[in-house]
Amino acid sequence: MSRPADPAAAAPAAPPARARTAATDSALLARLRVPARPPSLRIVRRTVREAALVAGADAAWADDLMLAVDEACQNVVRHAYAAAPETGDMVIVVRTHPPSDDGVTVDILDFAPAVDPTRVRGRDLDDVRPGGLGVHLIHAVCEEAGFQPPPDGAGNLFRLVKHFAKPPVDG
Amino acid sequence: MTVDIAARGPATVAALSGEVDLECSPAVRRALLDALRDGRPVIVDLSLVSYIDSSGIASLVEAYQAARKQGTALMLAAVSPAALRVMQLARLDRVFNIRPTVDDALAVLAQ
């Protein structure tokens, strides 16, 4: 289902504050490129949290999204550039979730060799060993999380989707 | 992020504050394992933790396992709402020995 084109988008004199892309009908909230190093994670967290608040999230929702994005970026920092640590960048793109701005989508792009998604798994909850916990946290707070085909020039694309309203749970 | 180590009665209190993330969780891990070295019980005060990620939780798990291995008590005390949220998401809130305050943890040790 597609929406009619926003007439404001065709007016070059006054571009809308939140430009919408025709392909996804989502509004860009933030786009950030940082070195894939641990100190960058603080910058990512602040940006994602503020973007979620701008999109209408409450503080607890924004905190959860911030955690999930941090965990996903940690995977880039720790694993994607494993062959040559801290040599590359990562790009974090935060958008409202189409079609009706009912959540937020976060794309995390890196420029490292493609990872094998089958090696990125959650942990067995009966097992208290460190490791795998990050993936579990991502899936605990996001409705969707996974690798997508990366655009040209990128190595990997990991996409998180978190909705504002969860469907009611029976029982 | 800071780790303050202080002796209190029979225990060592390690007070973490700030954001415990990938950048500083190795320092937390080292500080807690060092604190366990002399065999005194360790109380980890988490009241001033504004954020913790999986690497920070993993540091706590590792310290907890090291304590159990050597037969030393390790308790978490005054866990901040932000830290408790992540522990609940990780389903570790019932794995750790969590006390409402440092004083309560000390009282448990005195029993």
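Here is a short conversation about a predicted model with chains A and B.

Visitor: How many residues of chain B are in contact with chain A?
Guide: Contact here is judged by C-beta atoms, which must lie within 7 Å. By that test, chain A takes part with 19 residues. On the other side, the number for chain B is 17 residues.

Visitor: Which element of chain B gives the most to the side that touches chain A?
Guide: Two elements give two or more residues to that side, and one of them is helix 3 (81–89) of chain B. The other, spanning 54–70, gives the most, with six residues. That element is helix 2 of chain B.

Visitor: How many nonpolar residues does the side of chain B that touches chain A have?
Guide: Let's sort that side by class: two residues are polar and six are charged. The nonpolar residues number nine.

Visitor: Which strands stand at the edges of the sheet in chain A?
Guide: The open sheet has five strands in the order 1-2-3-5-4, with antiparallel pairing. A strand at the edge has a single partner strand, so one side of it is left without a neighbour in the sheet. Those strands are strand 1 (28–35) and strand 4 (144–148) of chain A.

Visitor: What is the bridge partner of A:Phe147?
Guide: Strand 4 of chain A is joined by five bridges to strand 5 of chain A, and the two run antiparallel. The partner lies in strand 5 of chain A, and it is A:Phe158.

Visitor: What angle does the direction of helix 1 of chain A make with that of strand 1 of chain A?
Guide: Helix 1 (residues 40–54) of chain A packs on the sheet, touching strand 1, strand 2 and strand 3 of chain A. Its direction and that of strand 1 of chain A make an angle of about 180°.

Technical notes
Residues numbered from 1 in each chain as written. Chains lettered and ligands numbered in written order. Predicted model: local features only at pLDDT ≥ 70, side-chain atom pairs only at ≥ 80, totals over all residues. Contact = placed C-beta atoms within 7 Å. Helix = DSSP H or I, 4+ residues; strand = E, 2+ residues; numbered from the N terminus. Nonpolar A, V, L, I, M, F, W, Y, C, P; charged D, E, K, R; others polar. Pairing = 2+ DSSP bridges. Axes fitted to C-alpha atoms, helices over the stretch in contact; angles between N-to-C directions.
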